[in-house]
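Dear colleague,

I am handing over the structure below, and I would be glad if you could look through it before reading my notes. What I found follows underneath.

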Amino acid sequence: MKIIPLLLSLLLATLFSAKGSENVLTTIYQPIETMVDGSVVVREVPFVTSGAFPEVFFDAITQPHIPQQQTPSPAGDINVASRAGVSLHCESAAAGQKKLYITWDFTKADRQLVTEDLINALLKCLERTAGGSIILYSKFVEVDEFPDFRKLVEAKYPPQTAQQLEEDSHAPSKK
């Protein structure tokens, strides 16, 4: 009879220790191609993650999205940013702050697939993901071929200035 409480104890210990690596099912915003006319729209899509919050939500905006289907010939990636080769990466701008860097990476971007509609949709995805409580700064990788799009992005989310970095780094931390 003593074995039952022992087994229960082991089961509970296993469940509590597994909780730290638990996946989370949520929704994120992505620029999706409509099936009707090929335009770009911002939609919520399901996403499973166990990464660093909130950074992982911003990184996921440009991840491929292949919807589950019951048809014999499934559609491929419907995330326009992913197909165009544009990727976003997010990192903290200052320790303990609600300020984040969004790095716009155009290293693998296809010049013909990157459009103003796509950039506007990505900006909308960032705005919806950040809500009103997170400040975003922009950084860029290989953006020389896309100067108009850089201006469009910086109008909404400018780079962090040296003065802002200094102020953000010396802000009192919340304990």
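Read from one end of the sequence to the other, the chain runs through the pattern α-β-β-α-α-β-β-α-β-α-α, which comes to six helices and five strands. Please keep in mind throughout that this is a predicted model, and that the values in this message are computed from it.

For the chain as a whole, 34% of the 175 residues count as buried. Among the contacts with a separation of 6 or more, 60% are made by residues 24 or more positions apart. The accessible surface amounts to about 11400 Å², and carbon and sulfur atoms hold 56% of it.

The part I looked at with most care involves strands E4 and E5. Strand E4, which covers residues 99–105, pairs in the parallel sense with strand E5, residues 135–141, and the pairing extends over seven bridges. Helix H4, residues 116–130, joins with E4 and E5 in a right-handed β-α-β unit. Within the strand pairing, threonine 103 stands opposite lysine 139 of E5.

Turning to the aromatic side chains, the structure holds three aromatic pairs. One of them is formed by tyrosine 101 and tyrosine 137, whose ring centres are 6.1 Å apart and whose planes meet at 50°, an arrangement that counts as tilted. Because tyrosine 101 belongs to strand E4 and tyrosine 137 to strand E5, this pair ties together parts of the chain that lie 36 residues apart in sequence. Tyrosine 101 has a relative accessibility of 12% and therefore counts as buried, the limit for that label being under 20%. Tyrosine 137, with a relative accessible area of 6%, is buried as well.

A second pair is made by phenylalanine 146 and phenylalanine 149, with ring centres 6.1 Å apart and planes at 25°, so this pair is stacked. The cut-off behind that label is an angle of under 30 degrees between the planes. Both phenylalanine 146 and phenylalanine 149 are buried, and ring pairs link these two residues with Phe106 into a cluster.

Finally, which residue lies over the face of tyrosine 101? It is lysine 139, placed at 4.2 Å from the ring centre. Lysine 139 is thus worth finding on the display for two reasons, since this residue of E5 also stands opposite threonine 103.

With best regards

Technical notes
Residues numbered from 1 in each chain as written. Predicted model: local features only at pLDDT ≥ 70, side-chain atom pairs only at ≥ 80, totals over all residues. Heavy atoms only, no water. Pairing = 2+ DSSP bridges. Helix = DSSP H or I, 4+ residues; strand = E, 2+ residues; numbered from the N terminus. Right-handed = clockwise from strand over helix to strand, strands pointing away. Phe/Tyr/Trp six-rings, centres within 6.5 Å; stacked < 30°, edge-to-face > 60°. Buried < 20%, exposed > 50% of the residue type's maximum accessible area, 1.4 Å probe, protein only. Lys NZ or Arg CZ within 6 Å of the ring centre and 35° of its normal. Contact = heavy atoms within 4.5 Å. Areas by Shrake-Rupley, 256 points an atom, 1.4 Å probe, with all protein chains shown as cover.
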